[in-house]
Amino acid sequence: MKHTLLSMYNRFRWPYLLTTLVIYIILQLTYEPITLGFDLEDITTLALPLLIGLIGLQLIIKAPLYRKIYGGHGLVGVAWAFTFPLLFHWSYSKPFYFYEFAGDFLFALTAFISLTLLQYGLARIGRFLRLSSICFALIDWLLLLIPLGQIGYYVSTWHCLTPATLMALYQTNPEEAFGFLKSAAGIPGLIGIVIGLALLFLYLYHVNYCLARFAANPISSETTYNDTLSSKTSVLWRWLLTVIISIYAFGFLLPGTCILRNWSDVTKYMHELQQYNTLHHDVFDSLQINEKTTAAQRIPGTIILVIGESASRNYMKVYNPDFPYEDTPWQSEEASNPNFIFFNHAYSSYVQTVPTLERALTERNQYDDAPFLQSANIMDVAKKAGYTTYWLSNQGVYGEYDTAISLIAKTSDHTKWAHESYMFSDKYDGVLLPLLQEVPKDTPNFIVIHIMGSHIYYNDRYPHEFSKWKVGEVPKGMEAYANSQLYTDWVLKSIYNYAKEHLNLQAMIYFSDHGESLHLSHNPDIFDFDMARIPFWIYLSPQYQAAYPATAQLLRQREHQYFTNDLLYDTVSGLLQAPSNRYDAHRDLSNPAYKYNKNNLTTLLGQQPLTNDPEVDK
């Protein structure tokens, strides 16, 4: 017995290990160049499942991975492991974190292992080998259609599938789909695709039948089974392992792969959009403006609301004179302009974008948590007040980070995205300036501009010419963040100058969705007040101030008042001079009835009183 085990070890363990190591090296060499900071945790995530899974599979099947019998299920694994990460990287020419596509690798590995073990176990029964091989070839073929579709789209457009494309696919019909394929590939191309898919199926059947025959005739393998391994107990354990891996692969990992997660986001968005649109008609119809003459009638012009991203006033020179970098030169200059009011005690209601903007842009807030689907938004108020509404965004349209915001954006008269991104935009915020120039000059306009600002990763948020502060050869941490703020300052200046010169700018508001901790980013689980301290300022034109002197004077008197950005909906309603049946004067910073102060304001959706902030005046 000892001699037999030693013989098995000498003959098979090393080939199994070597083939697995070769596969690991190939994956490492592929993933590392397209990954940001491929660290020990990433290496462990890649290496451990691979080594344990592939070596264990070879020990069960008793054949090294270079055998033809693995060709069908192995092709599925290879396609899923490489397709989306590489196409995404080639499309955007930038690396991303391994955890963002680790699910694709893990699904590829577990799908290969589970399909191989499942077919192997069924074939060991020794019956219906051809039928089972056809069935497994069909499964492999169907699984390959998804990466092959991505590759085909990339070859025709030189870009990976995006949510915008998937949205079009979701809304299309068979005739339109065939028309697209016909225009992209032509009739000869379509014939070639059909022939190729047929040949692929025949190949999958052939190699899967080889696996079935191998399993049914174990004597043909490179070694024979000993009595222990062929016992009923080992068969039961093998089946249990197969079932567990299969459930984990197809029930948990497959829905979390990048392309299916993207598709899930699109379908969820479409369902929410349908529900939101249905309910929103009733909400909009119920909104009644109480004032006969709004700002749009009295001083027709443009009002702009700029939504910043991850901007913390702690790291902005205009708010913090002790900050070592002058990253807000334009804002610092305008701070002495009597037409600008910089509020130095503004906070976000939460530290993540969607929950914050759900409240900032609608009548929902921490203090009266009305259902989002039943809440009016600032676009509704602006339209009822007589403005033509615009939403210009450099953030994503679809996905877990943007869905609710996009629903609000879609209620505007005109919606334009600079980047219909999978995750975050890779374009600089300056790309929004040409979109602003498309706005008509002679109408009352209410424009929301949503920028990427200082969203992590800071280095990605500004062009090279704004890389002013560096540590050694490159900007890091605070320096990169300051560079991103410097670029945002320039973008704000450009928006202001253009609107003032061409759009009859009457008011401009800037605030950030939330702040940022340079050490912790903006994670609610490890909250600190850096994540909630935000910039907030308002520009009022001389014409606006002449028309509404009480509003201007009251806002100027309240520059040191405490405020959370979930009260913005009511404050904007006040600036538009458009109080309504969905407006609360107590929450309007521009109204004498404003009732909030440091003692009754909170952040983190009510979990953190502002009085807990060490920087709040006690």
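Welcome to this chain, whose secondary structure comes to 19 helices and eleven strands. What you are looking at is a predicted model. Its C-alpha trace spans about 95 × 55 × 45 Å along the principal axes. Of the 618 residues in the chain, 56% are buried. Contacts between residues at least 6 apart in sequence also tell us something about the fold: 77% of them join residues at least 24 apart.

The UniProt record, an unreviewed entry, carries the annotation "transmembrane region" for residues 12-31, 43-61, 73-90, 96-116, 128-146, 184-205 and 236-260. Here is how two of these spans look in the model.

| Span | Distance between end C-alpha atoms | Helix | Strand |
|---|---|---|---|
| Residues 96-116 | 31 Å | 71% | 0% |
| Residues 128-146 | 28 Å | 95% | 0% |

Now for a pair of packed helices. Helix H3 covers residues 71-92 and helix H5 covers residues 129-157; their axes lie 9 Å apart and meet at an angle of about 15 degrees. Because of that angle, H3 counts as roughly parallel to H5. The crossing in which H3 passes H5 is left-handed.

Which residues make this contact? On the H3 side they include Gly-72, His-73, Trp-80, Phe-84 and Trp-90. From H5, the contributors include Phe-136, Asp-140, Pro-147, Gln-150 and Tyr-154. Sorted by character, the residues of the contact between H3 and H5 comprise 14 nonpolar, five polar and one charged.

Definitions and conventions. Residues are numbered from 1 along each chain as its sequence is written. This is a predicted model: local features need pLDDT of at least 70, side-chain atom pairs count only at pLDDT 80 or more; totals for chains, interfaces and linings use all residues. Side-chain values use heavy atoms; hydrogens and water are left out. Axes are lines fitted to C-alpha atoms, for helices over the stretch in contact, and angles run from 0 to 180 degrees between N-to-C directions. Helices (H or I, at least four residues) and strands (E, at least two) are DSSP runs, numbered from the N terminus. Angles under 35 degrees count as roughly parallel, over 145 as roughly antiparallel, 65 to 115 as roughly perpendicular and the rest as oblique. A crossing is left-handed if the near helix is turned anticlockwise from the far one by less than a right angle, and right-handed if clockwise. Contact means heavy atoms within 4.5 Å. Ala, Val, Leu, Ile, Met, Phe, Trp, Tyr, Cys and Pro count as nonpolar, Asp, Glu, Lys and Arg as charged, and the others, Gly among them, as polar. UniProt positions are given in the numbering used here, feature names are shortened, and annotations may be inferred rather than shown by experiment. Buried means under 20% relative accessible area, exposed over 50%, partly exposed in between (1.4 Å probe, protein chains only).
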